[in-house]
Amino acid sequence: MIPTHAKLAVYEAPNSPFQIREYPLRAPQAGEVLVRIRMSTICRSDIHSYQGHRPNPCPGVLGHEIIGTIAALGSGVDKDMRGDSLAIGDRITWSEYFIPARNYFTDVLDLPQKSPGVEKYGHMAVATSPHHHGGFGEYCYVLPQSWILRLPEELSDEEATPINCGVATMIAVIEAAAIRVGQTVVVQGLGLLGLYGAAIAKARGARAVIGLDTIGERREQSYRFGVDFAIDPETTNRSDILHQVRGICRPEGADAVIEVCGAAEVIPLGIEMLRVGGTYVLAGVVNPPAMVTLDANLLLRKLLTLRGVHNYHPRNLVEALDFVVANRRRYPFHELVDAKYPLERVDEAMADAAERRVLRAAIVP
Ligand SMILES: [Zn+2]
């Protein structure tokens, strides 16, 4: 039975404390799925929204890296993306976004993630029906024109929850970087995205992955996720970094450099690390403005490719799940979700995540 009401953690305005409030639940409508949330992890973009760095309607409900079990199915939803049947009690993940309808971006450009009117879970005002559309709560409606995947039993909640944002995004990034067997990759930023990026690059056959991060613990941890050489960009000067990168990526630089640290000032150094014909992918500088001064002549002279990645194609969600299932014994993905909090302690979870005291905080309602 579906309860008549369920809890959500709501914030009135940026940086104001969360309040636990109850909102009505109804039976899912056509094309919807009602999910009992098992876990929701705090993504950097939740923190950006909460701190007011990106416009988010308030009072709001956050959380888009979510998994849960099906509590009720609306009419017309009986299969996941793969065609596997969906039933009450199944544990699922789903795309972090949904779209109003098929359109030019879905049918012609093959960029559904950029469809006009695209909305993201955990990015809407709580007043917007059906209220439960974010991860920091007990229930969430998976809305029509979302992409759903049933989760295999062997995956733990800790391994499964980051799949629909962190992992799928990095699958899209590595796809954009077009990493090939034997290539070399530099990852600027060894947070959750950087660690998955290193592991995915290795799975695509990269022979060497170099990671840069100012936090020593993250550099240490990165060696267990496919990074071969971790460099501290704060204590190593620019010419030494370039010298080291060129030494590893012989003869003259990296095949691909990936920015996942969210700091635009790292871009010029990243571009310098590339070989002729290399590819630079931006995925961390998600908030405007991200101004940078760079020598555009280098782009031209070195025949570089510059790519941006924001959101991901639905196929990347399938690939992300399959990647984690296939590589969970090779890389300790379960340890990336390193702190759990009940819904009532969302404030503490957000503070720990914002201050980087934990890598991925999880709300377990
Ligand atoms: Zn996210």
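**Notebook: sheet, zinc site, pocket, backbone**

I began with the sheet: 6 strands form an open sheet with parallel pairing, in the order S14-S13-S12-S15-S16-S17. The edge strands are S14 (229–231) and S17, each of which pairs on one side only. On average, neighbouring strands of this sheet are turned by 15 degrees against each other, direction ignored. I took strands (E, at least two residues) and helices (H or I, at least four) as DSSP runs, numbered from the N terminus. Two strands pair if DSSP finds at least two bridges between them.

The model is predicted; local features need pLDDT of at least 70, side-chain atom pairs count only at pLDDT 80 or more, and totals for chains, interfaces and linings use all residues. Residues are numbered from 1 along each chain as its sequence is written, and side-chain values use heavy atoms, with hydrogens and water left out.

**Within the sheet**

I looked up one strand pair. S15 (residues 254–259) and S16 (residues 274–282) pair in the parallel sense over 5 bridges. Ala256 has Thr279 of S16 as its bridge partner.

I then checked helix H7 (residues 238–248). H7 lies across S12 (184–188), S13 (208–212) and S14, and runs at about 165 degrees to S13. Contact here means heavy atoms within 4.5 Å. Axes are lines fitted to C-alpha atoms, for helices over the stretch in contact, with angles from 0 to 180 degrees between N-to-C directions.

**Zinc ion**

Which protein donors does the zinc ion have? I found Cys43 (SG), His64 (NE2) and Cys165 (SG), lying 2.0 to 2.2 Å from the ion. Donors are N, O and S atoms within 2.8 Å of the metal (3.2 Å for Na, K and Ca); water is not among the atoms, so the site may look incomplete. Along the chain the donors follow the spacing C-x20-H-x100-C. His64, in the loop between S4 (60–61) and S5 (65–73), and Cys165, in the loop between H3 (157–160) and H4, are 101 residues apart and link distant parts of the chain.

**Second largest pocket**

I noted a volume of about 240 Å³ for the second largest pocket. Of its 16 lining residues, Leu111, Gln113, Glu175, Arg307 and Val309 are the closest to the centre. A pocket is an open set of points on a 1 Å grid over the protein atoms alone, where a 1.4 Å probe fits, with protein on both sides within 12 Å along at least five of seven lines; lining residues have an atom within 4 Å of a point. Grid points are joined across faces, edges and corners, and the volume is the space filled by probe spheres set on the points.

H4 (166–177), S17 (305–308) and H10 (314–327) each supply at least two lining residues. H4 gives the largest share, 3 residues.

**Backbone**

I listed two cis peptide bonds: Cys58 to Pro59, with omega near -10 degrees, and Ser129 to Pro130, with omega near 5 degrees. Pro59 is in the loop between H1 (44–50) and S4. Pro130 is in the loop between S9 (124–125) and S10 (139–142).

His131 lies in the loop between S9 and S10 and has a positive phi of about 65 degrees, although it is not a glycine.
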